[in-house]
Amino acid sequence: MLTERQGERLPQWLDAVRQDDLPSLHTLAAGIDRDRDAVIVGLTLPWNSGVVEGHVNRIKMLKRQMFGRAGFSLLRKRVLLAT
């Protein structure tokens, strides 16, 4: 379902999970069910946020490296110069 972009199979998978005797999966299914349309779209469409997540990860790394060393102005310069 994930690798083949078959989000339309999600309702059948959720029904199968609810019939199993695994309480932790029941909790997962309930969470997915709250936002079912968005999850189906996320499993179906080819777009992702990988590039954005990479930038966020890089900025967090810079922030951790500079913890306690300088203020926001230096962090801002490092983020802007690193791109």
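Student: What makes proline 23 exposed?

Tutor: This is a predicted model, and in it proline 23 has a relative accessible area of 58%. Exposed means over 50%, so proline 23 is called exposed. You'll find proline 23 in helix H2.

Student: Where does proline 23 sit relative to serine 49?

Tutor: Their C-alpha atoms are 31 Å apart in space, with the two positions 26 residues apart in sequence numbering.

Student: And why is alanine 29 called buried?

Tutor: Alanine 29 is in helix H2 too, but its relative accessible area is 1%. The cut-off for buried is under 20%, so alanine 29 counts as buried.

Student: Which residues does alanine 29 touch, leaving out those up to four places away in sequence?

Tutor: Leu14, Val17 and Arg18. Take leucine 14: the C-alpha atoms of alanine 29 and leucine 14 are 5.9 Å apart, although the two are 15 residues apart in sequence.

Student: Back to H1, then. Which residues of H1 are buried?

Tutor: Leu10, Leu14 and Val17.

Student: How do you know that the buried residues of H1 line one face of the helix?

Tutor: Look down the axis of H1: the buried residues fall within an arc of 60°, so they line one face. The general rule helps here: an α-helix has 3.6 residues a turn, so residues three or four places apart point the same way.

Student: What do the buried residues of H1 pack against?

Tutor: Helix H2, residues 23-34, and H3.

Student: Which exposed residues are on the face of H1 turned away from its buried side?

Tutor: Gln12 and Gln19.

Student: What makes glutamine 19 count as exposed?

Tutor: Its relative accessibility is 69%. Set that against the cut-off of over 50%, and glutamine 19 counts as exposed. For a sense of place, glutamine 19 and valine 56 are 39 Å apart, C-alpha to C-alpha, and 37 residues apart in sequence.

Student: Why is H1 called oblique to H3?

Tutor: Helix H1 (residues 10-19) and helix H3 (residues 36-44) pack at an angle of about 120°, and their axes are 11 Å apart. Roughly perpendicular covers 65 to 115 degrees and roughly antiparallel is over 145, with the rest counting as oblique. An angle of about 120° is in neither range, so H1 is oblique to H3.

Student: Which residues meet where H1 packs on H3?

Tutor: From H1 it's Leu10, Pro11, Leu14 and Arg18, and from H3 it's Arg36, Val39, Ile40 and Leu43. By type, the contact has six nonpolar residues, two charged and no polar.

Student: Why does leucine 22 count as partly exposed?

Tutor: Leucine 22 is in the loop between H1 and H2, with a relative accessibility of 41%. Buried needs under 20% and exposed needs over 50%, so at 41% leucine 22 is partly exposed. Leucine 22 and glutamine 6 are 24 Å apart, C-alpha to C-alpha, at 16 residues apart in sequence.

Student: How do you know that arginine 5 is partly exposed?

Tutor: Same cut-offs, under 20% and over 50%: at 38% relative accessibility, arginine 5 counts as partly exposed. Arginine 5 is in the segment before H1.

Student: What phi does arginine 5 have?

Tutor: A positive one, about 50°, although arginine 5 is not a glycine. Most residues other than glycine have a negative phi.

Student: Which residues does UniProt list for the domain?

Tutor: The unreviewed UniProt entry lists residues 7-78 for "domain: Transposase IS204/IS1001/IS1096/IS1165 DDE". In this model, residues 7-78 are 75% helix and 0% strand, with the end C-alpha atoms 40 Å apart.

Conventions: Residues are numbered from 1 along each chain as its sequence is written. This is a predicted model: local features need pLDDT of at least 70, side-chain atom pairs count only at pLDDT 80 or more; totals for chains, interfaces and linings use all residues. Side-chain values use heavy atoms; hydrogens and water are left out. Axes are lines fitted to C-alpha atoms, for helices over the stretch in contact, and angles run from 0 to 180 degrees between N-to-C directions. Helices (H or I, at least four residues) and strands (E, at least two) are DSSP runs, numbered from the N terminus. Angles under 35 degrees count as roughly parallel, over 145 as roughly antiparallel, 65 to 115 as roughly perpendicular and the rest as oblique. Contact means heavy atoms within 4.5 Å. Ala, Val, Leu, Ile, Met, Phe, Trp, Tyr, Cys and Pro count as nonpolar, Asp, Glu, Lys and Arg as charged, and the others, Gly among them, as polar. Buried means under 20% relative accessible area, exposed over 50%, partly exposed in between (1.4 Å probe, protein chains only). The arc is that of the directions from the helix axis to the C-beta atoms. UniProt positions are given in the numbering used here, feature names are shortened, and annotations may be inferred rather than shown by experiment.
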